[in-house]
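Let's take a friendly walk through this model, looking at what is tucked inside and what faces out.

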Amino acid sequence: MIKFFRKIRKNLLMENKTGRYFKYAIGEIILVVIGILIALQINNWNEDRKNAQSETIFLEGILNDISQQKRLCTNQIDFESKNEKWSLKAIETSKSTSIKNQLDSLYVYVQHLKQRLTFAVFNPTYEELKSTGALRLIKNKNLKSDIILFYQNLEKRAEIIINNNHNIDNIYKTYVLGNSFGFYYNNLEKIQVNWKHKPSQILRLSNNLNARKNLTISNLYRAKDVLIEANQLELKIKEYLRSK
């Protein structure tokens, strides 16, 4: 093709058809420019197509991560809900006038509440988007902002739960392991309490149980908030993918 164009230009020059030569040369330049523009447009189309495919893959990855996060939140909610019930039972028993007859139950409640569940954050796709700069592939600005906000809030709530669990370990669990309340087994293997200073013992137990209850309620609310926002974000992403 190039040889063909060169031959035409050569013939025009040899025939002294300068005017026609310049017209032809301009036309050839225009064709070259049009060819370049078409090539650039095709390249842009291909790039846009690849970006759109990558966007879909990343959003589907976030949907999978959200599904895993919802499962983790559900586990946390179930665990904290049970602990809330245990703490309420323990508080009620500690305030009972017949506490001496319920020491076995109280001991079980108090011991059980040493347990706490580590809250896990599942966000591998979002971390990849951040580290590679691929967040730019999400064209819908509102959706991009929603995703960023969700994971920012997730990190903040996870940090609160981590701090709450730290207090459970270092305050409540330490109190229980120190046996400040004075539990012991008698000769009949029945739980008893060494009542040295009964009012202060009960008061201290009550304070620790209330603190334990508040910590588990805080964890419960944080996990519920994450679950609600995860459901909302999941719907927005699915709607966006359907509209593509």
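A residue is called exposed when its relative accessible area is over 50%, and buried when that area is under 20%. Keep in mind that this is a predicted model.

With those cut-offs, helix H4 makes a good starting point. Its buried residues are Thr125, Tyr126 and Leu129. Seen down the axis of H4, these buried residues fall within an arc of 100°, so they line one face of the helix. Ser131 and Thr132, on the other side of H4, are exposed. After H4 comes Gly133, which has a positive phi, near 75°.

Now to the interior. The largest nonpolar core has 29 residues, and the members touching the most others are Leu143, Ile147, Tyr151 and Ile237. Four helices each give two or more residues to this core:

| Helix | Residues |
|---|---|
| H2 | 18-94 |
| H4 | 124-132 |
| H5 | 141-177 |
| H6 | 198-243 |

H6 gives the most to this core, with 8 residues. Which residues is Leu143 in contact with, leaving aside its neighbours within four places in sequence? They are Leu59, Ile138, Leu233, Lys236, Ile237 and Tyr240. Another core, of 17 residues, lies apart from the largest one; Tyr109, Tyr172, Phe183 and Ile191 are among its members.

In soluble globular proteins, nonpolar side chains tend to be buried together. Some nonpolar residues here do reach the surface: Val33, Ile36, Leu37 and Leu40 make a nonpolar surface patch of about 360 Å². Of these, Ile36 lies in helix H2 and is partly exposed, with a relative accessible area of 46%.

Key
Residues are numbered from 1 along each chain as its sequence is written. This is a predicted model: local features need pLDDT of at least 70, side-chain atom pairs count only at pLDDT 80 or more; totals for chains, interfaces and linings use all residues. Side-chain values use heavy atoms; hydrogens and water are left out. A nonpolar core is a set of buried Ala, Val, Leu, Ile, Met, Phe, Trp, Tyr and Cys residues joined through side-chain atoms within 4.5 Å. Buried means under 20% relative accessible area, exposed over 50%, partly exposed in between (1.4 Å probe, protein chains only). Contact means heavy atoms within 4.5 Å. Patches are made of residues with over 30% relative accessible area and no salt bridge: like charges are joined within 9 Å, nonpolar side chains (Val, Leu, Ile, Met, Phe, Trp, Tyr) within 5 Å. Accessible areas come from the Shrake-Rupley method with a 1.4 Å probe; for residues, only the protein chains shown count as cover. A salt bridge is a side-chain nitrogen of Lys or Arg within 4 Å of a carboxyl oxygen of Asp or Glu. The arc is that of the directions from the helix axis to the C-beta atoms.
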